[in-house]
Amino acid sequence: MREAQSAGLTLAEIRSILTLRDSGEAPCAHVTDLIQQHLGDIEARMAELRTTRAALRTLAERAATTNPSSCTGTDICRIIGAHIGDNEGLSVAE
């Protein structure tokens, strides 16, 4: 079961597999569904991380060329403040 845990299956999911097996059912279809669900979750998370990485790279490039002395008292931060909500992957919620 260590392999199942290292693949991201929860103890509750492993318990459900064992329960099926103990009841005489082959848990293969259930295991396959769990694996596909976890793969989908990982793929979605990786896509989110790629988007976040791209936004951070954009900000890092902007930060490298921003002169802090050009900031005014009304700026939040010139690196992000002027670009919040634009089409560069940033939003107010972030």
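**Exercise 1. Which helix has the lowest mean pLDDT among the elements of the protein, and which the highest?**

Solution. Remember that you are looking at a predicted model, so begin with confidence.
- Step 1: Helix H1, residues 2-6, has the lowest mean pLDDT of the elements, at 89.
- Step 2: The highest mean, 96, belongs to helix H2, residues 11-22.
- Step 3: Now take the whole protein: the average pLDDT is 85, and 84% of the residues score at least 70.
- Step 4: Look at residues 87-94, where pLDDT stays under 50. For this stretch the model has 13 contacts beyond four places in sequence.

**Exercise 2. List the elements of the protein in order from the N terminus.**

Solution.
- Step 1: Count them: there are 3 helices and 0 strands.
- Step 2: Read along the chain, and the order is α-α-α.

**Exercise 3. Check how the span of helix H3 compares with what its residues should give.**

Solution.
- Step 1: H3 covers residues 28-65, which is 38 residues.
- Step 2: The expected span is 1.5 Å times one less than the number of residues, so H3 should span 56 Å.
- Step 3: The end C-alpha atoms of H3 are 55 Å apart, which agrees.

**Exercise 4. Find which residues of H3 are buried, and what helps to cover them.**

Solution.
- Step 1: Buried means under 20% relative accessible area.
- Step 2: In H3, the buried residues are Leu34, His38, Ala55, Leu59 and Arg62.
- Step 3: H2 is among the parts that cover them.
- Step 4: For the wider picture, 13% of the 94 residues of the protein count as buried. The protein exposes about 7200 Å², with 57% supplied by carbon and sulfur atoms.

Conventions:
Residues numbered from 1 in each chain as written. Predicted model: local features only at pLDDT ≥ 70, side-chain atom pairs only at ≥ 80, totals over all residues. Heavy atoms only, no water. pLDDT = per-residue confidence, 0-100. Helix = DSSP H or I, 4+ residues; strand = E, 2+ residues; numbered from the N terminus. Contact = heavy atoms within 4.5 Å. Buried < 20%, exposed > 50% of the residue type's maximum accessible area, 1.4 Å probe, protein only. Areas by Shrake-Rupley, 256 points an atom, 1.4 Å probe, with all protein chains shown as cover.
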